[in-house]
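Work through the exercises below with the sequence and the structure open beside you. Each task is followed by a solution that goes step by step.

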Amino acid sequence: KTFNHLWLGYTESQGSPELRQEITRLYQRIAPDQVLVHPGAEEAIFIFMNVVLEQGDHIIVHDPCYQSLREIASSIGCEVTKWTAQEKDHWELDIDFLKQHIKNNTKAIVINCPHNPTGYLISHEKFMQVIEIAREHEILLFSDEVYRGLEYDPHDILPAACDLYEHAISLGVMSKTYGLAGLRIGWIATRDQSLYPKMASFK
């Protein structure tokens, strides 16, 4: 019966209010007006990179990675440092490497956990270290969380970055955890009051 009354015309550019309200249930500190809906994750990454970055900026990217997390920044003319995890280290991220490679022009740290393609899941303690490093240097943290919720043990599920850090951007999508790729629905959630309107305007 509900589908008989489903609106199939254009909706708000930020995403329908009902959808944004539902997405907030995935977070602890996010309101509907802090959710920006996209047709999948690709547009969200593209908009974030183009709003935040300029030629000559520097970002640090968890590697290996979904190609867009690295290549869009490169296409803008940014310097990209690969924060590469190694199989011999069980894909663990080296926090000291992160600390040593932050520069004056570092605009963002990009992290992906649970990780594609290795399945690596950072510990809560190490995740908090990453957030504190970003906070100390006032750097944006772009957290690709599209596999969040697929952990075998619910106790291993990390808090969303956007709930922990005011300048974090959490990326979500329907295609992975929910297996609904055909819906073409992705989103970002952020409490960054200066970044959100820029992304919404660009979109």
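**Exercise 1: A pocket and its lining**

Task: Find which residues line the second largest pocket of this predicted model, and sort them by class.

Solution. Begin with the residues themselves: L19, E22, I23, R25, L26, M174, Y178, L180, L183, I185 and W187 line the second largest pocket. Next, sort this lining by class, which gives nine nonpolar residues, two charged ones and no polar ones. Then ask which element gives the most to the lining, and you will find that α1 does so, with three residues. Finally, note the volume of the second largest pocket, which is about 280 Å³.

**Exercise 2: The largest pocket**

Task: Describe the largest pocket by its space, its lining and the elements that take part in the lining.

Solution. The space in the largest pocket comes to about 470 Å³. Its lining is made by 19 residues, and those that lie nearest the centre are W7, T11, G15, S16 and L19. Two or more residues of this lining come from each of the elements α1 (17-23) and β1. Sorted by class, the lining of the largest pocket holds eight nonpolar, seven polar and four charged residues.

**Exercise 3: The order of the strands**

Task: Write down the order of the strands in the open sheet, and explain why β1 and β3 are each left without a neighbour on one side.

Solution. The sheet has seven strands in the order β1-β7-β6-β5-β4-β2-β3, and their pairing is mixed. Because β1 (35-38) and β3 (79-84) stand at the edges and each has a single partner strand, one side of each has no neighbour in the sheet. On average, and with direction ignored, neighbouring strands of this sheet are turned by 20° against each other. For one pair in detail, take β4 (residues 106-112) and β5 (residues 140-144), which run parallel and are joined by five bridges; I111 has S143 in β5 as its bridge partner.

**Exercise 4: Two helices that cross**

Task: Describe how α2 and α7 meet, and where each of them lies on the strands.

Solution. The axes of α2 (residues 41-52) and α7 (residues 195-202) come within 9 Å and cross at roughly 115°, and the crossing is right-handed. On the side of α2 the contact is made by A44, F46, I47, F48, N50, V51 and V52, and on the side of α7 by L195, K198, M199 and F202. By class, this contact has nine nonpolar residues, one polar and one charged. Turning to the strands, α2 lies across β1, β2, β4, β5, β6 and β7 and runs at about 160° to β6, while α7 lies across β1, β5, β6 and β7 and runs at about 25° to β1.

Methods:
Residues are numbered from 1 along each chain as its sequence is written. This is a predicted model: local features need pLDDT of at least 70, side-chain atom pairs count only at pLDDT 80 or more; totals for chains, interfaces and linings use all residues. Side-chain values use heavy atoms; hydrogens and water are left out. Axes are lines fitted to C-alpha atoms, for helices over the stretch in contact, and angles run from 0 to 180 degrees between N-to-C directions. Helices (H or I, at least four residues) and strands (E, at least two) are DSSP runs, numbered from the N terminus. A crossing is left-handed if the near helix is turned anticlockwise from the far one by less than a right angle, and right-handed if clockwise. Contact means heavy atoms within 4.5 Å. Ala, Val, Leu, Ile, Met, Phe, Trp, Tyr, Cys and Pro count as nonpolar, Asp, Glu, Lys and Arg as charged, and the others, Gly among them, as polar. Two strands pair if DSSP finds at least two bridges between them. On a 1 Å grid over the protein atoms alone, a cavity is a set of points where a 1.4 Å probe fits but cannot get out, and a pocket is an open set with protein on both sides within 12 Å along at least five of seven lines; lining residues have an atom within 4 Å of a point. Grid points are joined across faces, edges and corners, and a volume is the space filled by probe spheres set on the points.
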